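Work through the exercises below with the sequence and the structure open beside you. Try each task on your own before you read its solution.

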Amino acid sequence: MTSKLSKILMLLVFLLASFALYGGTVTLSTDRSTVMAGEVFRFILTAEGSFDSINEPVFKDFTVENRSESQSSSISIINGRMESKKTVNYIYHLRAEKAGVFKIGPASVKLQSGKTADSNIVSVTVTGSLTSPPSSHGDDSVDSSVPTTNSLLAPLTNWEKKTPDYFLRAVVKPSGEVYEGEPLVVKYYLFAKPGIISDISSYKSPSFENCWKDEKVESRFKVERGAIEGAVYDYGLLATYTLIPQKGADSVTATQMILDVTTGSFFNTRRHTLSTPALRIPLNPLPEKENRPDGLFGSVTVSADRQSIKLDRDNLLETVTYTISGCGNLNSAEITLEEDPALLMFSPEIDLTAGDTQNGYCGHKKYKFMIKGLRKGKTALNGRALSFFSREKGWEKVEVPQIQVDIKEVSALADSSTERNARSFELLKELPAGIKKYEISPLVERTWFKIAMGIPFLVTVLSFMIWILKSVMKKRAGSYQTKLTKWKTEISSSATMNELLNNFYDALKELFGIELRGERKQNLKRKYGESIEDVLGFIKEIEHSSYGAKDDADLSDFKLKALAFLNFRGHKK
Amino acid sequence: MKKLMFLIIFIAAFLNIYATEDGFSLYLKKDYKGAYSSFKKEFVESKGDPLYSYNLGVTSNAMGKKGTAVYFYVQALQRSPEFSEAKNNLEILSKELNVTIPKALTEPIHAVDYILIIFLVSTYIFSILLSVLCFYPDWRIKTALLPVFLIMAVSAVMYFMKYEEESRVSWGVVVTAEQLKSGPDESLSDIGKLKEGEIINIVSSSGSWYKVKSFQDNVEGWVKLGSVRAVMRGHI
């Protein structure tokens, strides 16, 4: 009885609640707004309020893998007023079939009043495939069904199985499908079973097409060890190529990398040529490309080094720097400033610093613009917004920060761009006054520099020559003194007149180069001048004395005379 | 016979008048090719005078050779960085061609610096000390020689290294738009395009090909010699 009563009561309450309801809403949501093609994700429809029926959305670009529903209702009495709420949830498991940005919805509910309430529309970005990574082998006939070598230690492909003991492997990053303009990194590794390869010879680098390339060849072959399907391999990186596909290209291709290796020991070596297959990496167009013709792959931010600039008398020219930071196709990212009749903007200086990182090809690109005022007043520098697509964020609009410009003064040359152009491109008869001319030739090749360097050189050489001359003279003088002393001793120790005479003859010859023996008097006079007369007189005296057999006292006199002659001659010399 | 003589004199005088017609009058007659040849001759004779370089730029521009005009304006600014007419025309052209002119290329190399002054001064001191030592050998002079020599040697090496570094950056201007090849051969694949008037770094050369690096977008590749003109750097 009690249960019957309670059922009736509940029915009454339900009926009352139903009457109390007056409207309803329907909402669509998803747990992920970006998914990969082939991936299953949850999609939820929530209808609340009082409604008769729900019109579910159409999933034309997705496959419905599963659908479940849940319902709940609640009644609440607030301030004496009863409110009833019904909630219906439909949970779908959807699989994305192809890459792109797809819209789901709207769904709708038919209200009891007869009206229809529509839901929101949900946008889902579907990126590259999970199941079809790019083939790293152009030779499909050879190796079309093997797992690709997008992983360093992936199982051997059919190509690699031809020489399972040693092979070259190209590893492509990212591993999924690649978008047009998406930076790629291709690394070439040499794999060999331990102890097989004894030497590596030169190799032929692959040549890439339809892309910009940055090549980094390893200077040292650094060996690491790893296992592939249980087999141990030593492997090392040979070269890394960072590639950025050209706009509009549908694939990036690379020719084979070829490497000569030597196997075996010292007496039994063999040379083998290894190669990778040619690569063909297909490129997918960016989703909704037709709506975003300037769209690029990547995720970046744009910053400016200042918020405002002032152009005045002291500062007629200013430089502003915009920096694009992030990952992706930085090479094609450009900052374009909108034309402004009040400003003259010079072509920017561009500085790109980017490289392969864990997050891909990342870095920053700086645009330095020089700005000149053409018309006084206030204006602003506006840059064209950039459009970037990434797997994680889908399409993003990247705004270029606005910079306020206050032009207080304009330069005399820049009052009007039309006027400037009119004055330009006229021949000049002579250089404007006060302009310096610099030399094309390097400083070290100029005459003044050569003279400036020549002067100290000449002074040094001259001083050195004088020093050498002095040294030689000193040496020669020293040598004469030694000889003189020697002959003085010889003469002093002469025992007879004949010996004295011979010693005197020899001393004259060695010390002064005077050869008296066997020469006629007239010839000697002609040769050595009248001053030889006294020497000849002295010799005659000695000769007479030797015939006369003079005593020792005479000999001593003659010795003293001879020494006096030598001394006198020495002074003259 | 007299008539023949007169005829010869007349022809010679005519040829002489024609030969002395300068670039300015030819330019006014819109004979740009003739004006270009005339200015080129004067440019060579004057060993790269900035005035003729500038006039060659104006004439090249009139001929529609905007890349060549960029080259001559850059060349004029290498020798006279304050040459505002050349700077102005280069700015207009670079905007028109949408190319970037690096600031370093509109200025000459600053070769006179402290290192060079130190080198010159130390060389003179060394030379004077050496000369004095020849006549008055003294231990104090001998002691002073070594540090002076060291300063001289170090500054010479430093200057040489700096000079080498500056000379290594070789700039060029693309005078005609050209495909950038992956190697020094016509049959090789294109890896990019060089714009007319674009500034490039010349990395190396092989036969009639230059290996260049584009200043604008950092792309490296090969281009035919005739499409690029190397900039002669000015030195202060």
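**Exercise 1.** How many helices and how many strands are there in chain A?

*Solution.* Keep in mind from the start that this is a predicted model. Going along chain A and counting each kind of element in turn, one arrives at nine helices and 32 strands. As a second step, look at how the chain is packed: of the 573 residues in chain A, 41% are buried. Finally, consider the contacts in chain A with a separation of 6 or more, of which 68% are between residues 24 or more positions apart.

**Exercise 2.** Find the open sheet of four strands in chain A and state in which order the strands lie and which of them stand at the edges.

*Solution.* Begin with one pair and extend the sheet strand by strand.

- Step 1. S12(A) pairs with strand S22 (residues 279–284) of chain A in the parallel sense, over two bridges, and here A:Tyr179 stands opposite A:Asn284.
- Step 2. S22(A) is also joined to S19(A), this time by four bridges and with the two strands running antiparallel; within this pair, A:Val252 stands opposite A:Ile281.
- Step 3. Strand S19 (residues 251–254) of chain A pairs in turn with S15(A), again in the antiparallel sense, over two bridges, and A:Glu209 is found opposite A:Thr253.
- Step 4. Putting the pairs together gives the order S12-S22-S19-S15 for an open sheet whose pairing is mixed. Strand S12 (178–179) and strand S15 (208–209) of chain A each have a single partner strand and therefore stand at the edges, with one side of each left without a neighbour in the sheet.

As background to these steps, strands of a sheet pair through backbone hydrogen bonds, either parallel or antiparallel.

**Exercise 3.** Describe the contact between chain B and chain A, and name the residues whose side chains form the salt bridge.

*Solution.* First count the residues that take part, which are 61 from chain B and 52 from chain A. Next comes the area buried between the two chains, which is about 4,800 Å², with carbon and sulfur atoms giving 62% of this area. Then turn to the polar side of the contact, where there is one salt bridge between the chains, formed by the side chains of A:Lys437 and B:Asp49 at 2.7 Å, N to O. Eight residue pairs are in polar contact across this interface. Last, ask which element gives the most to the side of chain B that touches chain A: the element is H7(B), with ten residues.

How values were computed:
Residues numbered from 1 in each chain as written. Chains lettered and ligands numbered in written order. Predicted model: local features only at pLDDT ≥ 70, side-chain atom pairs only at ≥ 80, totals over all residues. Heavy atoms only, no water. Pairing = 2+ DSSP bridges. Buried < 20%, exposed > 50% of the residue type's maximum accessible area, 1.4 Å probe, protein only. Contact = heavy atoms within 4.5 Å. Buried area = accessible area lost by both parts, 1.4 Å probe. Salt bridge = Lys/Arg side-chain N within 4 Å of Asp/Glu carboxyl O. Polar contact = N/O pair within 3.5 Å; in protein donor to acceptor, adjacent residues only side chain to side chain.
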